[in-house]
Amino acid sequence: MSRLLRTGLNAGDSAPMAVVGGEGVYFHLADGRKLIDGSNTGGGLGHRHPAMVEAIRRAADTPVVNEGWTWVGREQAADDLMATAFRGEEDWVGAVRFCISGSEANDMALSLCQALTQRSALATRERAYHGITGLSRSMTVQPQWHGGLAVHSGGSQLPAPMAPVRILPAPDGAIYGAPANNAPPSEYLADAPRLLSDTAATIIDYTQGGIYYDGAYQDEVARCARQAGSYWIADEVVTGAGRAGRWFAFQGAESRPDIVTLGKSLGGGAAAVAAVVVSKDIVERLKGTSWQNYGTLRGHPISMAAVSAYLKVVSDDRILDHVASLEKLFTRRLLAIAQKHPSVQRVAGQGLHWTVELHGPDWRTWHADTTEVPIASRVAERALEAGAVIGTSGEQTSLFLAPPLVISEREATLLLDALDHGLDIADEEHG
């Protein structure tokens, strides 16, 4: 019996597959199989990328420096982030503070906004996920992710919310299965000024719950937030650092955020690292104060080396161009797959993050409090037969594709073939 207290992303209590190694875009399993890693938002450069391995090896020969001490590598990582990822954004971007996880980054950003505004309420959009710690947990409004216990015999035991939450309508943004007449954001966000009127911050992400959107939605949310005196935070934990086919998803719109949160791929999959990037205006607001928020291992030398190495690889190897090119392949193939499989209800995505939603129960009623294996998980299990791992993020009817950004066109085709194969079981159940 394992002494590890383990939990899974899916309903039930079955043990996950045993990974013993990896190389490039492939997982190596204990049973000898090699599977394409099609759902790893934290591994932007895949497994054991030579530049990342070498950076971590060098950084291992450094002192243990906590966040309270100045460390030259931390200063360098901050400079590299600004000079590389935020190039062209110099007129508004101010400074960065590093931390360990995306959930932590969002919690830090939200609590900072509460302190700056002396307001408690916070806002997000429908079907959002922002993390499972602190205030980020309160801002996660997908019902199966609440930071508590999903009891397999039925029911959930939830921790108390930490702040009043206002929920904005979400856009659709699907390339398949979208409403016939999509209203402009100004119409379905007409009540946003009232909803945001007492909020400290409005945080929006760009992928969670299968919700993707163009610049019009962001610009309208930003306008309403500014009008209400609510800071707006771009949660780029998933999309930032290249997954959107540009450095940040927010760059697809005219508006610019007060705060950007980063995580996952920021360390190239080689180290746990996240960041809170604040505007010049907020830097000015912080003068004469001490931001009383501390973490011993934030900005650890190994994490900082990973950040600098990752930024260099993405820039030198023109990874963003590669992602933008593969977006065309995914768009074309996923449309064809959706048209082939009657079980598919909706397809949406951008860059190298895509969601395939199946017909089935409404997501609003899914609490993962059962041992029944969801249809999305059964599709993912069948896709393993064709050699690829596809994610479900704990959803009942949604699958997501988020392979390493270095995946080749051939490997991407194999991943999409595996999805095609897996969907056959959903078609059988859909009838």
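## Salt bridges, helix packing and backbone turns

In this predicted model, the side chains of Glu 67 and Arg 97 meet in a salt bridge, with a distance of 2.8 Å from N to O. Glu 67 belongs to the loop between α1 and α2 (72-84), whereas Arg 97 belongs to strand β4 (residues 93-99), so the pair ties together parts of the chain that are 30 residues apart in sequence. Both partners, Glu 67 and Arg 97, are buried.

This pair is one of 25 salt bridges that a search of the whole structure finds. Another joins the side chains of Lys 340 and Asp 420, at 3.1 Å from N to O, and it links distant parts of the chain, since Lys 340 is in helix α10 (residues 319-340) and Asp 420 in helix α12 (residues 409-430), 80 residues apart. The two ends of this bridge are described by separate values: Lys 340 counts as exposed because its relative accessibility is 52%, which is over the 50% limit, while Asp 420, at 16% relative accessibility, counts as buried because it falls under 20%.

Helix α12 also supplies Asp 424, which forms a salt bridge with Arg 382, the closest N and O atoms being 3.6 Å apart. Arg 382 lies in helix α11 (residues 375-385), so this pair ties together parts that are 42 residues apart in sequence. Arg 382 is partly exposed at 21% relative accessibility, and Asp 424 is partly exposed as well, with a relative accessible area of 30%.

The three pairs described so far are set out below.

| Salt bridge | N to O distance | Separation in sequence |
|---|---|---|
| Glu 67 and Arg 97 | 2.8 Å | 30 residues |
| Lys 340 and Asp 420 | 3.1 Å | 80 residues |
| Arg 382 and Asp 424 | 3.6 Å | 42 residues |

Beyond these pairs, Arg 127, Asp 172, Arg 346, Glu 357 and Glu 395 are linked in a network of salt bridges.

Helix α11, which carries Arg 382, also has a set of buried residues, namely Ile 375, Ala 376, Ser 377, Val 379, Ala 380, Ala 383 and Leu 384. These buried residues pack against the strands β3 (34-37), β14 (353-358), β15 (388-389) and β16 (398-401), and against helix α12. Just after α11, Gly 387 takes a positive phi of about 95°.

Turning to helix packing, helix α1 (residues 50-59) and helix α9 (residues 301-316) pack at an angle of about 150°, with their axes 9 Å apart. Because that angle is over 145 degrees, α1 is roughly antiparallel to α9, and the crossing of the two helices is right-handed. On the α1 side the contact is made by Ala 51, Met 52, Ala 55, Ile 56 and Ala 59, and on the α9 side by Pro 301, Ile 302, Ala 305, Ala 306, Ala 309, Tyr 310 and Val 313. The residues of this contact divide into twelve nonpolar, no polar and no charged.

Some backbone angles also deserve a careful look. Most residues other than glycine have a negative phi. Lys 264, although not a glycine, has a positive phi of about 45°; it is placed in the loop between β11 (259-262) and β12 (274-279), and is partly exposed, with a relative accessible area of 35%. Ser 393, likewise a residue other than glycine, has a positive phi near 55°. Ser 393 lies in the loop between β15 and β16 and counts as partly exposed at 25% relative accessibility.

Terms used
Residues are numbered from 1 along each chain as its sequence is written. This is a predicted model: local features need pLDDT of at least 70, side-chain atom pairs count only at pLDDT 80 or more; totals for chains, interfaces and linings use all residues. Side-chain values use heavy atoms; hydrogens and water are left out. Axes are lines fitted to C-alpha atoms, for helices over the stretch in contact, and angles run from 0 to 180 degrees between N-to-C directions. Helices (H or I, at least four residues) and strands (E, at least two) are DSSP runs, numbered from the N terminus. Angles under 35 degrees count as roughly parallel, over 145 as roughly antiparallel, 65 to 115 as roughly perpendicular and the rest as oblique. A crossing is left-handed if the near helix is turned anticlockwise from the far one by less than a right angle, and right-handed if clockwise. Contact means heavy atoms within 4.5 Å. Ala, Val, Leu, Ile, Met, Phe, Trp, Tyr, Cys and Pro count as nonpolar, Asp, Glu, Lys and Arg as charged, and the others, Gly among them, as polar. A salt bridge is a side-chain nitrogen of Lys or Arg within 4 Å of a carboxyl oxygen of Asp or Glu. Buried means under 20% relative accessible area, exposed over 50%, partly exposed in between (1.4 Å probe, protein chains only).
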